[in-house]
Amino acid sequence: MEEASLPHLARGAEMLSLLRRLRGAATKTSSEALTCPAATFAELTASPSPARSLPCPGPVYIALRRGGRRLHEEWCEKPHVEDCISHIFSMAGNEQAAPDTIELVLAHGLKIIAPGKLGTYFANAHRGRYGIELIFGRERVRYGPTQMIARNCDFRTIFMEFLANRQLDELAFFARGGRIRRFEARQILIRLGPPAQAVELYRGNRVIAPDEIDAATIDDMISTMGGWMLRHVDDSGKMAYKYWPSRGADSTANNTIRQFMASLCLVHFAKAQNDGNALELARRNIDYNLKTFMRIEDGAGIIEYGGSAKLGAAALAGLSILALPEFDEDLNQALALLKTGIDKLWQDSGAFRTFHKPATRNDNQNFYPGEALLFWAELMHRQPDADLLDRMMKSISYYQAWHQERRNPAFVPWHSQAIVRLYELTQHETLPPMVFAMNDWLLSMQQWGDASCPDFMGRFYDPRRPSFGPPHASSTGAYLEGLVAACRLADSIGDGERAEAYGRAIWRGIRSLRQLQFLDDVDTFYISRKHRVLGGLRTETYHNEIRVDNVQHGLNALLSLGSDPQNNRSSGFWNPELDWR
């Protein structure tokens, strides 16, 4: 035996030791880790073979990785898992880099899926939990759930790639005897220590239990999410918009509203942390965005990108400036110009036109007017304006009636924040009922005990009303922003029942955000550029794209909670007696 191959075999032997322990772990929860001291090569090779026998329930997928990079992968069909382990280590024996992680998938319960049932059995909710096997003639191609998570692909993409590579269409595939099978899988991640550790995965991750969410968790989320934001602003002040972890690449797409939302969040985070360097970075980011996207036309400031100038982008640009503790004449002038542009889009009915360019567009009414109203509310906190107050009240009345006729959850958070900020200034008694009506209705969108998967718990998505859009980290974060404002309002006027209802929803939503956050070497097992993802939030549990607003919305909500629960015991959220789990 060559000396160079010993490290591979020794690490393979460590895994055999862990597998013996896994045999007794079938009844344990999917998020429970099994650990043991790293064993020596001599001790394990001296173990009697029968003690190391773990029958394969079906095909076994094994991938060897180092630093997230895949060194070798193979599907193996042998009587025992140990046989598969020995086989793959012998195949990888000449690799120069020894693996530090082993990805193990034990497939079982293979089931043929009828052509008409593909959508039912291969939905997004099944990604990362089930695998797919494509059979055509003598060919057999499998993708396990962890492979799909690592590639960030869906079942349809895999099937279409298979067909394209064989110059087939779907009808020809099935007409010529093609079959598709779905299979269940036990997912185990082996980290080769010392000490060696085996973690049973669920959808390539661990399920975050409700009991894991507390004040300390919130502090950690604020720190790590804020750290992600800071790391993604370059020296020029440009914020990375979208990152694809599986590719290790940035998207070239951009969105001005989300960019200025990120600017606003950076200011909030810097002030909350009392961090002068972070505040300077936030200011640099605002300057970069204004220089890149702001235009002056007909005496008004607009935010333009790709031929589009949106009401919401101007409002968020103004909000980011207003959030600064102080600003110079250049920013003061920019703020005045942006206000002029927003005022030009307001109409006597109380409605807003939603686009400067193209002027014919007037969509996104669920989003942009609420953002503009929040800008006005923050502006009035700086300098009360009776005329602006009249226009705000007219718009709030108009849009509340508009919303009642076409309810949509996207409408709720921006209008909730705007109305709460206005109420804090005016104490107008007609305002709280509007906030409560919107957020009482919104609560029905959140999944908890009825969630089809444990890692879905706390997200805002109602599968019975898919027309409201797919589940998304940014949506859950945005709804939490509105709910935090509504909870604060309910608490301030002594509506304890509502404050607790909203507080319960906030806690549950935080569990969902924590589930989506990239946390450590376990959920980043397939990612080589870990510094680009740690602290960031996936779009969904099965879709690992990180968009800046995935992080920004949730972080803003957490910052709005206040950081000292000891000083907030009366509130619905921080009430220690609140049963939210």
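This is a short tour of a few helices and one methionine in a predicted model.

**Stop 1: helix H10**

Select residues 276-293, which make up helix H10. Its 18 residues reach 26 Å from the first C-alpha to the last, close to the 26 Å expected at 1.5 Å a residue. Now zoom in on the start of the helix and show side chains: a side-chain oxygen of Asp-275 comes to within 3.0 Å of the backbone nitrogen of Asn-277.

Which residues of H10 are buried? Color Ala-278, Leu-281, Ala-282, Asn-285, Ile-286, Asn-289, Leu-290 and Phe-293, and you have them. As you look at the pattern, keep the helical repeat in mind: with 3.6 residues a turn in an α-helix, residues three or four places apart point the same way.

Next, bring up what those buried residues pack against. Four helices are on the list: H8 (215-231), H9 (256-273), H11 (311-323) and H12 (329-344). Add strands E11 (294-297) and E12 (300-305) as well.

**Stop 2: H8 against H19**

Keep H8 on screen and add helix H19, residues 548-560. The two pack at an angle of about 140°, with their axes 10 Å apart, so H8 and H19 are oblique to each other. H8 passes H19 in a left-handed crossing. To see the contact itself, show Ile-218, Met-221, Ile-222, Met-225, Gly-226, Trp-228 and Met-229 on the H8 side. From H19, show Val-548, Val-551, Gln-552, Gly-554, Leu-555, Leu-558 and Leu-559.

**Stop 3: H13 and H15**

Move along to helix H13 (residues 368-382) and helix H15 (residues 412-426). Here the packing angle is about 20° and the axes are 8 Å apart. That makes this pair roughly parallel, because angles under 35 degrees count that way. H13 also passes H15 in a left-handed crossing.

For the interface, pick residues from each helix. Among those in H13 are Pro-369, Gly-370, Leu-373, Leu-374, Ala-377 and Met-380. They belong to a set that meets H15 residues including Trp-414, His-415, Ala-418, Arg-421, Leu-422 and Leu-425.

**Stop 4: Met-393**

Hold on to Leu-422 and select Met-393, which lies in helix H14 (residues 386-405). How far apart are Met-393 and Leu-422 in sequence and in space? They are separated by 29 residues in sequence and by 9.3 Å in space, C-alpha to C-alpha.

Is Met-393 buried or partly exposed? Its relative accessible area is 23%, so Met-393 is partly exposed. Leaving aside neighbours within four places in sequence, its contacts are Leu-422, His-428, Thr-430 and Leu-431.

Conventions. Residues are numbered from 1 along each chain as its sequence is written. This is a predicted model: local features need pLDDT of at least 70, side-chain atom pairs count only at pLDDT 80 or more; totals for chains, interfaces and linings use all residues. Side-chain values use heavy atoms; hydrogens and water are left out. The expected span of a helix is 1.5 Å times one less than its number of residues. Buried means under 20% relative accessible area, exposed over 50%, partly exposed in between (1.4 Å probe, protein chains only). Contact means heavy atoms within 4.5 Å. A polar contact is a pair of N or O atoms within 3.5 Å; within protein, one must be able to donate a hydrogen and the other to accept it, and residues adjacent in sequence count only if both atoms are side-chain atoms. Axes are lines fitted to C-alpha atoms, for helices over the stretch in contact, and angles run from 0 to 180 degrees between N-to-C directions. Angles under 35 degrees count as roughly parallel, over 145 as roughly antiparallel, 65 to 115 as roughly perpendicular and the rest as oblique. A crossing is left-handed if the near helix is turned anticlockwise from the far one by less than a right angle, and right-handed if clockwise.
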